[in-house]
Amino acid sequence: MTPLRKIAVIGNSLPRRCGIATFSTDLQRAISNSRPNLQSCIVAMTDHDQTYDYPVSVALQIKDGSIEEYVSAAAFLNAGRFDIVCLQHEFGIFGGEAGAHILELLSRLTMPVVTTLHTVLAAPSAAQRAVMERIVEMSSKVVVMASKGRELLRNVYRVPDDKIEVIAHGIPDFPFVAPDAAKAKLGFSSRSVILTFGLLSPSKGIEVMIDAMPSILQRRPDAVYVVLGATHPNLVRDQGEAYRGSLMARVRKLGVEDHVVFLDQFVDHATLLEFISMCDVYVTPYLNEAQMTSGTLAYSFGLGKPVVSTPYWHARELLADGRGVLVSFGDAMETGNEIAGLLTDSPRRQAMRERAYAASRSMTWERTAERYMTAFENARHGHRLKVIARAAPDAIAPHGPAVPDMQLGHFLSMCDDTGLFQHAVHSVPDRAHGYCVDDNARALLLACALNEPGEHPLSESQTGHFAAFVQHAWNPDTRRFRNFMGFNRTWLEDEGSEDSHGRTLWALGECARKDASRSRRQWATALFAEALSTAAAFRSPRAMAFTLLGLDAYCAAAPDDQRAREIRHSLADTLVAALALVETPDWVWFEEGLAYDNARLPQALIAAGLATQTSAYVDAGLRSLRWLMTLQTTSTGHFRPVGTTSFGEVRKPPGTFDQQPVEATATIAACLTAWRADGDAEWKTIAAGVFFWFFGGNDLSVPLVDPETGSCRDGLHPDRANENRGGESVVSYLLALAEMRQLARANINPANPVALRAIVS
């Protein structure tokens, strides 16, 4: 999957004066700084016919009452091919009843949406609930800034837990410094400073703090309460400055004019940090428990300030365990006592500062942006899976007999009494390139798959040819399987690659479990056991994966082989460790690059996890498969396997061509294994969409398969299909077809063990 390139944040933006504007601006900047070559912008909501001198980071503005502008904004984002839209939701910033106009925009977007919910109401009105539920439905992920938000989303709105991310409000990465220098600069030297900042409104509880000042001054006569912030614009529009005037009158009535300072300013970022830096105690005396988040609280906490606050939801979580002080709502006496206690106890105040600062390091905007980027990637994974699921055509979907019949004509024409030929010129076997154990092992896998009920097994002699080739490939001197053989039946090497050895073990394991001949099952069991010891030292991740798939079958056929079970755990542990070593939020893979048969790695881990009941294997397999699927799914929803041109490139997006059938087959098998692991039916639909790649659901809209003969072209070039139809390609298609036919039978017959296994798991 290509890295994220373009991200749009929808919300308010500075210089509009509100907390959402500050948050959106800070988030957009942090996202831009998190990755090289990442473009981000803000789509700004403009309120009540106001005008703002927006910075260049604002790419578009929407008048909150104009539905037409919401629709135009969706067209702008779609045309700009943005990868992610990050919506900042708060009731009151979008037009329509309960902000319903934003739904007109979201419903038209083609990219995934990640929504940050700045408020989650415990008792919403009918209109608020309806809007919230639609926003959640249209979002791939929803972000809240406190665990209480997660709880409400689960219990009130029935949002599934895996859709919710808790990401703390970001904070500036400011040094831990004493307040003296900032006090001197701002004119508050030799004063004990209590600070509140933010837009003034009656819900902020400033009155309570003013009422507390006389008791504070009795114990700390040098105290001063600084109220920094302009009056909320909506309040000014409706009432002018009447509210601020009432606060100042309250100050005069209490006789504390020399100890309360109102600074009617909306200050810039640097000035704000200086004011926070100078305070000795920060206070948020808010009156509403349902305050889900407070940017002012987060910033002050992040600068290592002792905080006294009422127990609204955000404060209750952030200030727990001695990281701050909580006081009762509206209780001026308790508020005054706690603040005075801090101002007269320097060691306690310093210890609280240090706890707050240490606890806040995970909240810096850099760390917060990384968590958002991870949420964006996860959202894109899930969105791409849904897109490819929607794109799967009904004609190929696994819901009935529409899956093609099994035609073996071309496959059999590619075989002689030695085995399966490697290559073909068009549909004619090419003897010049002889045979290989890789393709004959695949052919043995197909023979086993055709032993399933509802299929027509290969003849005894034909299956015997593939088994004989594998037996002849075994070199007891090197304890490895040879791979390449000329048409004259002469081996071209003493031993093949680790990958060919692993694939041969896979075929032997399946033969030990599924072959129609009891004698051949015994042969496969014995040769597998003899050749397995070599696999314990494998270094190739694909060889490990192929061996694990073989062990899945072999251990079912030979359950008493303790050594085999130990090797299975060892190989699976090695793959999980490889993933942990290489994985980053942008690269969830086992190696620094991608190559062939990629999906077999997660498939093998999921299968091993199911068999051994090891959740770590299943989790690693599902996580890496989801990531791989995002790379192998186009923006329009069709399957695009990793092209051969990018094999081995380090951490680069996969090349588009050449595309080969083996990748589609591996992906189908992996998706169906994932379905059996987590029971999510979407995996089945995705597998059907991948299967459609063979029939024209690809970049060139060219079918690769001739359903009448069962032949399959060798792949897709940038401008055409490869007309050659070799052994690997035909077996890959037939293996994929066998999987899809088995799935169709499972869906038709509810008593089928495969279906039951999926339900149980």
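**Backbone oddities**

I started in the loop between α24 (615-631) and α25, where D658 sits. The bond joining F657 to D658 is cis, with omega near -10°. This is a predicted model, and I kept that in mind while reading the backbone. Most peptide bonds are trans, and most residues other than glycine have a negative phi, so I went looking for further exceptions.

A second cis bond runs from L14 to P15, with omega near 15°. I found P15 in the loop that links β1 (6-11) to α1.

Then phi: D597 is not a glycine, yet its phi is positive, about 50°. I placed D597 in the loop between α22 (562-582) and α23 (600-612).

**Largest cavity**

D597 came up again when I listed the cavity linings. The structure holds two cavities of 30 Å³ or more, and I took the largest one to begin with; its space is about 70 Å³. Along with D597, the lining has R442, L445, R503, W506, R600, V662, T665, S732 and L735. Which helices supply at least two residues each to this lining? I noted α17 (437-449), α19, α25 (661-678) and α27 (727-748). By class I get four nonpolar, two polar and four charged residues.

**Helix pair α19 and α21**

Since α19 was on that list, I checked how it packs on α21. The axes of α19 (residues 498-514) and α21 (residues 541-557) come within 7 Å and cross at roughly 15°. That angle is why I put α19 down as roughly parallel to α21. The crossing is left-handed.

On the α19 side, the contact residues are E498, D499, G502, R503, L505, W506, G509, E510, A512 and R513. The α21 side brings in R542, A543, F546, T547, L549, G550, D552, A553, Y554, A556 and A557. I sorted this contact into 10 nonpolar, four polar and seven charged residues. R503 and W506 turn up in this contact and also in the lining of the largest cavity.

**Helix pair α25 and α26**

Next I looked at α25, another helix from the cavity list. It packs against α26 (residues 682-691) at an angle of about 170°, with the axes 8 Å apart. Therefore α25 goes in as roughly antiparallel to α26. From α25, I have A664, T667, I668, C671, L672, A674, W675 and D678 in the contact; they meet W683, K684, I686, A687, V690 and F691 of α26. The split here is 11 nonpolar, one polar and two charged.

**Second cavity**

The second largest cavity has a volume of about 40 Å³. I listed its lining as T196, F197, G198, L199, L200, K204, I206, V227, L228 and Y286. Strands β8 (192-197) and β9 (223-228) each give at least two of these residues. I counted the classes as seven nonpolar, two polar and one charged.

**Largest pocket**

L199 and K204 took me on to the largest pocket, as they are among the residues nearest its centre, together with C18, G19 and I20. The pocket holds about 1,500 Å³ of space and has 49 lining residues. Which helix gives the most to this lining? I got α1, with six residues. Helices supplying at least two residues each are α1 (19-34), α8 (233-239), α10 (269-278) and α11 (295-302). My class tally for the pocket is 18 nonpolar, 23 polar and eight charged.

Technical notes:
Residues are numbered from 1 along each chain as its sequence is written. This is a predicted model: local features need pLDDT of at least 70, side-chain atom pairs count only at pLDDT 80 or more; totals for chains, interfaces and linings use all residues. Side-chain values use heavy atoms; hydrogens and water are left out. On a 1 Å grid over the protein atoms alone, a cavity is a set of points where a 1.4 Å probe fits but cannot get out, and a pocket is an open set with protein on both sides within 12 Å along at least five of seven lines; lining residues have an atom within 4 Å of a point. Grid points are joined across faces, edges and corners, and a volume is the space filled by probe spheres set on the points. Helices (H or I, at least four residues) and strands (E, at least two) are DSSP runs, numbered from the N terminus. Ala, Val, Leu, Ile, Met, Phe, Trp, Tyr, Cys and Pro count as nonpolar, Asp, Glu, Lys and Arg as charged, and the others, Gly among them, as polar. Axes are lines fitted to C-alpha atoms, for helices over the stretch in contact, and angles run from 0 to 180 degrees between N-to-C directions. Angles under 35 degrees count as roughly parallel, over 145 as roughly antiparallel, 65 to 115 as roughly perpendicular and the rest as oblique. A crossing is left-handed if the near helix is turned anticlockwise from the far one by less than a right angle, and right-handed if clockwise. Contact means heavy atoms within 4.5 Å.
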